[in-house]
Amino acid sequence: MTVGLASAIANSMLNAYCRNVAWSQPAAFWVKLHTGDPGAAGTTNAATETTRKQATFAAASAGRCDTSGDLAWTNVAGTETYSHVSFWTASTAGTFIGSDALDTARAVVAGDNFTIEAGDASLILTPIAA
């Protein structure tokens with residue numbers, strides 16, 4: 001399973017912390033739907049619904065940052081089951097930031113509305129010393 005931070009993002013963060021290498025964090029986070037694990041590049045198992053939604057996040061705690069608002073898609077493009085999301089720096093194209101599995105996969109029919117509730121998509125750094 002490749003869910004988690006993108007390797008390039010993790011390396012950029014570590015270089016900034018450990019080597020004082022300048023890094024520009026993403027100005028925004030956009031969420032894309034997937035029907036399975038998005039893979040290491042975030043491009044595998046993309047959903048038919050291609051619209052990305054901009055996410056906001058609550059303050060990080062215990063190495064975890066959860067979405068702070070609902071993400072809602074209306075009139076989805078295809079009949080399928082959403083199980084994962086990927087995070088991007090732009091509404092189209094952009095840089096892959098990471099991915100997450102949804103708490104519960106959900107089947108939709110073309111034309112349905114689909115919402116990921118606040119807190120149900122996360123970026124996580126592990127392990128965290130206790």
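## A pocket and a four-strand sheet

The largest pocket has a lining of 17 residues, and those nearest its centre are L5, M13, F29, C65 and L123. Keep in mind that you're looking at a predicted model, as you turn it around on screen. The space in this largest pocket comes to about 330 Å³.

What kinds of residues line the largest pocket, by class? Mostly nonpolar ones: the lining has 14 nonpolar residues, two polar ones and one charged one. As for where the lining comes from, α1 (7-19), β3 (64-66) and β8 (122-124) each chip in with at least two residues. The top contributor is α1, which gives three residues to the lining. If you wonder how empty space can be found at all, rolling a probe the size of a water molecule over the atoms shows where it is left.

Now follow F29 out of the pocket. F29 is one of the residues nearest the pocket's centre, and F29 also belongs to strand β1, which covers residues 29-34. How many of the six residues of β1 are buried? Six of the six are, so to count as buried each has under 20% relative accessible area. In a regular strand, the side chains alternate between the two faces of the sheet. In β1, F29, V31 and L33 sit on one side, while W30, K32 and H34 sit on the other, and both sides are covered.

Next, the sheet that β1 is part of. Four strands make up an open sheet, in the order β2-β1-β5-β6, with antiparallel pairing. Its edges are β2 (53-55) and β6 (96-108), each of which has a pairing on one side only. From one strand to the next, the twist averages 35°.

Here is how the neighbours are joined, pair by pair:

| Strand pair | Bridges | Direction |
|---|---|---|
| β1 and β2 | three bridges | antiparallel |
| β1 and β5 | five bridges | antiparallel |
| β5 and β6 | eight bridges | antiparallel |

You can pick out individual partners too. W30 is a handy place to start: across in β2, W30 faces Q54, and in β5 the bridge partner of W30 is W88. W30 is also one of the buried residues of β1.

Which residue of β6 is the bridge partner of S86? That's S99. Strand β5 itself spans residues 80-88, and β6, its antiparallel partner, is an edge strand of the sheet.

Terms used:
Residues are numbered from 1 along each chain as its sequence is written. This is a predicted model: local features need pLDDT of at least 70, side-chain atom pairs count only at pLDDT 80 or more; totals for chains, interfaces and linings use all residues. Side-chain values use heavy atoms; hydrogens and water are left out. Two strands pair if DSSP finds at least two bridges between them. Axes are lines fitted to C-alpha atoms, for helices over the stretch in contact, and angles run from 0 to 180 degrees between N-to-C directions. Buried means under 20% relative accessible area, exposed over 50%, partly exposed in between (1.4 Å probe, protein chains only). On a 1 Å grid over the protein atoms alone, a cavity is a set of points where a 1.4 Å probe fits but cannot get out, and a pocket is an open set with protein on both sides within 12 Å along at least five of seven lines; lining residues have an atom within 4 Å of a point. Grid points are joined across faces, edges and corners, and a volume is the space filled by probe spheres set on the points. Ala, Val, Leu, Ile, Met, Phe, Trp, Tyr, Cys and Pro count as nonpolar, Asp, Glu, Lys and Arg as charged, and the others, Gly among them, as polar.
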